[in-house]
Amino acid sequence: MDQLIERHPRIHIVPALIWLNIAITLAVCIFNGGWFFQEGETLIPWGSNYGPLALQGECWRLASAIFLHAGPLHLFINMYTLWRFGGLCERIFGPNLFLVIYLVGGICASGFSLLWNPQVNSVGASGAICAILGATIAYLLDYRNDVPSSVLTEELKSLGAFRGACFRLSDRQCHKQHRH
């Protein structure tokens, strides 16, 4: 970790993404008049990944949906996970590549969501966060990076347990009422 901190002493992208997501969620809550849970149809004008519109040429929804959340609990779970593991990933890959991993991962996840069920209205950063978790795990498992086995074991345990718990709760919260 000391070597990573030496290479990238400060992380910039993770805090910027967190503040951007918070600002967008606050705007949605204020202008939609709901603080705890946003109904699927209220998120469509904000850019949710609503299949019928995305498939009719509004491809920008694949990216905009990454920054929308179903409410404060959904936002908190995703942003806490991003904060907890994003810094390590940003230090490993640097800010530019980290941002590419986050955005491409999120857009691909939105695309797969659309392919899986084209009628679903989906939002959230879970796909982007899974991409950074995957990239981090791949880096840790690559023997060429000389990650000590003790560090590898601890990080993988932490990543696996945290990812499983957070995404089960986040998915349950997000998909509960997001069919339009």
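Here are a few worked exercises on the predicted model shown above.

**Exercise 1. Work out the fold pattern of the protein chain: how many helices and strands are there, and in what order do they come?**

Step 1: Count the elements. The protein chain has eight helices and two strands.

Step 2: Walk along the sequence. You'll read off α-α-α-β-α-α-α-β-α-α.

Step 3: Look at the contacts. Taking those between residues at least 6 apart in sequence, 77% join residues at least 24 apart.

**Exercise 2. Find out what share of the protein chain is buried, and what share of its accessible surface belongs to carbon and sulfur atoms.**

Step 1: Start with the residues. The chain has 180 of them, and 45% count as buried.

Step 2: Turn to the surface. The accessible area adds up to about 9,600 Å², with carbon and sulfur atoms owning 65% of that.

**Exercise 3. Track down the salt bridge and decide for each partner: buried, partly exposed or exposed?**

Step 1: Check how many there are to find. The structure holds one salt bridge.

Step 2: Name the partners. The side chains of Glu58 and Arg61 meet here, at 2.6 Å from N to O. The cut-off for a salt bridge is 4 Å, so this pair qualifies.

Step 3: Recall the background. Side chains of opposite charge can pair when their charged atoms come close.

Step 4: Classify each partner. Arg61 has a relative accessible area of 4%, so Arg61 is buried. Glu58 sits at 26%, so Glu58 counts as partly exposed.

**Exercise 4. Classify the ring pair Phe31 and Trp46: stacked, tilted or edge-to-face?**

Step 1: Get the total. The model has four aromatic pairs, and Phe31 with Trp46 is one of them.

Step 2: Take the geometry. The centres are 6.4 Å apart and the planes make an angle of 35 degrees. Stacked needs under 30 degrees and edge-to-face over 60, so this pair is tilted.

Step 3: Place the rings. Phe31 is in helix H2 (residues 13-32), while Trp46 lies in the loop between helix H3 (40-43) and strand S1 (49-50). The two are 15 residues apart, and the pair links distant parts of the chain.

Step 4: Check accessibility. Phe31 is exposed at 65%, whereas Trp46 is partly exposed at 29%.

**Exercise 5. Which residues make up the nonpolar surface patch that includes Phe31?**

Step 1: List the members. Leu26, Ile30 and Phe31 form the patch, with about 340 Å² of accessible area together.

Step 2: Check that Leu26 fits. Leu26 is found in helix H2. Patch residues need over 30% relative accessible area, and Leu26, partly exposed, has 41%.

Notes:
Residues numbered from 1 in each chain as written. Predicted model: local features only at pLDDT ≥ 70, side-chain atom pairs only at ≥ 80, totals over all residues. Heavy atoms only, no water. Helix = DSSP H or I, 4+ residues; strand = E, 2+ residues; numbered from the N terminus. Buried < 20%, exposed > 50% of the residue type's maximum accessible area, 1.4 Å probe, protein only. Contact = heavy atoms within 4.5 Å. Areas by Shrake-Rupley, 256 points an atom, 1.4 Å probe, with all protein chains shown as cover. Phe/Tyr/Trp six-rings, centres within 6.5 Å; stacked < 30°, edge-to-face > 60°. Patch = residues over 30% accessible without salt bridge, like charges linked within 9 Å, V, L, I, M, F, W, Y side chains within 5 Å.
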